[in-house]
Amino acid sequence: MKAAIIYQAGEIPQYAEIPEPVVQHDHEILVQVKAVAIKNLDKLKASGKHYSSEKTAKIQVVCTDGVGILSNGQRIYGVGTSGTMAEQAVFLKEWCSPVPDGLDDATAAALPNAAMGSALALRFRAGLQPGETVLINGATGFTGKIAIQLARYYGAGKIVVTGRNEEILKTLPALGADQLISLNQDDASFVDQLKKIHAVTPINVVIDYLWGHSAELILSSLKGTGTFSARTRYVSIGSMSGDTITLSSQILRSIDLQLSGSGLGSWTKEEVGLLFQEILPEMFQLAADQQLTIEVTTVPVQDIEKIWNMEITDGKRLVVSI
């Protein structure tokens with residue numbers, strides 16, 4: 001069969017012939033793959049730079065999940081036991097969810113990673129309560145856009161968003177954003193704008209896709225003055241602006257801050273179970289009912305060498321059709 005493969009970490013995938021996969025255990029299932037989304041996670045794993053990357057040098061099929069068809073004709077989304085950008089792949093039975101009629105393969109392939117990067121953080125790490133104020137740092141990307149919509153769906157009272165892409169930032173009120181903050185302004189202006197918002201409607205939840213310097217500015221804007229403060233649950237999901245920050249102990253002492261992360265390894269088995277049993281089916285149905293706005297760019301797998309490093313800067317997800 002044909003697949004997109006790399007021979008060693010850091011290479012651009014090639015479209016080549018490899019042996020068909022074989023189901024080896026009862027908890028596995030063979031799938032005819034139809035669509036696979038290319039995510040930052042997939043590129044990091046293929047480069048060997050993600051903390052979950054395999055360290056041994058061997059032929060690997062790229063990407064971690066996808067949408068396909070079972071032998072009985074049912075369409076499912078699932079996570080592979082290994083790479084998934086191939087005509088066939090082996091999925092983990094427990095990590096699969098049915099795809100409803102009315103939802104195309106590309107959209108179904110694009111949505112789950114964004115749901116993992118937003119719904120799990122909002123529900124399990126932040127414990128978002130109806131009426132609370134949410135700040136989404138880095139909201140102009142694909143997952144950030146989904147996070148806005150899900151924060152509203154879960155009952156957020158006010159949604160504040162940041163971003164560098166000014167054109168996309170202007171479109172976010174249509175998705176549910178209440179207040180826009182540009183990351184292109186100087187540090188003092190950025191902090192001042194956040195402090196004014198926090199003084200009127202305390203920021204209860206921060207969903208952060210950027211980390212780095214912008215996280216330092218957000219945390220400094222939350223710094224207290226010795227009076228009672230509202231509790232802020234700060235959840236780190238991505239590090240597009242840098243993997244480390246400098247954090248003053250005075251910030252930690254002056255506010256009621258819960259700092260946590262949401263990603264592979266941080267979720268419990270129970271949370272992952274709920275993801276596939278309840279959250280993803282709900283998200284798929286919302287998308288099928290056009291209650292979620294999702295934008296994708298679709299390309300054929302035969303063009304994988306050309307498009308692997310393609311930069312998608314308009315808040316869309318790149319999806320490969322098989």
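What follows is a short exchange about a predicted model of one protein.

Colleague: How many helices and strands does the protein have?
Modeller: This is a predicted model, so far as its origin goes. Both element types are present. The count is ten helices and 15 strands.

Colleague: Which radius of gyration does the protein have?
Modeller: The chain has 322 residues, and a compact globule of that length would be near 20 Å. The C-alpha atoms fill a box of roughly 65 × 40 × 35 Å along the principal axes. The model agrees with the globule value, at 20 Å.

Colleague: What share of the residues is buried?
Modeller: Buried means under 20% relative accessible area. The share is taken over the 322 residues of the protein. Buried residues make up 51%.

Colleague: What share of the contacts with a separation of 6 or more joins residues 24 or more positions apart?
Modeller: A contact needs heavy atoms within 4.5 Å. Among contacts with a separation of 6 or more, pairs 24 or more positions apart account for 70%.

Colleague: How much of the accessible surface belongs to carbon and sulfur atoms?
Modeller: The accessible surface comes to about 14,700 Å². Of this, the carbon and sulfur part is 50%.

Colleague: How far apart are the mean positions of the positive and negative charges?
Modeller: There are 27 positive and 34 negative charges. Each set has its mean position, and the two are separated by 5 Å.

Colleague: How many disulfides does the structure hold?
Modeller: A disulfide is a covalent bond between the sulfur atoms of two cysteines. Here the cut-off is 2.5 Å between the sulfurs. The sulfur of C96 has its closest cysteine sulfur in C63, 16 Å away, which is too far for a bond. The structure's total is zero.

Colleague: Is C63 buried or exposed?
Modeller: The limit for buried is under 20% relative accessible area. C63 has 7% relative accessibility, so C63 counts as buried.

Colleague: And C96, buried or exposed?
Modeller: The 20% limit applies here too. C96 is at 18% relative accessibility, and therefore counts as buried.

Colleague: Where does L280 lie?
Modeller: L280 has a relative accessible area of 0%, so this leucine is buried. Its C-alpha is 25 Å from that of V160, with the two positions 120 residues apart in sequence. The element that holds L280 spans residues 269-288 and is helix α9.

Colleague: Which residues does L280 touch, not counting those up to four places away in sequence?
Modeller: L280 is buried at 0%. Touching means heavy atoms within 4.5 Å. The partners of L280 are Y77, S97, P112, A115 and L275.

Note on methods: Residues numbered from 1 in each chain as written. Predicted model: local features only at pLDDT ≥ 70, side-chain atom pairs only at ≥ 80, totals over all residues. Heavy atoms only, no water. Helix = DSSP H or I, 4+ residues; strand = E, 2+ residues; numbered from the N terminus. Rg over C-alpha atoms; globule rule 2.2 N^0.38 Å. Buried < 20%, exposed > 50% of the residue type's maximum accessible area, 1.4 Å probe, protein only. Areas by Shrake-Rupley, 256 points an atom, 1.4 Å probe, with all protein chains shown as cover. Lys, Arg positive; Asp, Glu negative; His and termini not counted. Charge placed at Lys NZ, Arg CZ, Asp CG, Glu CD.
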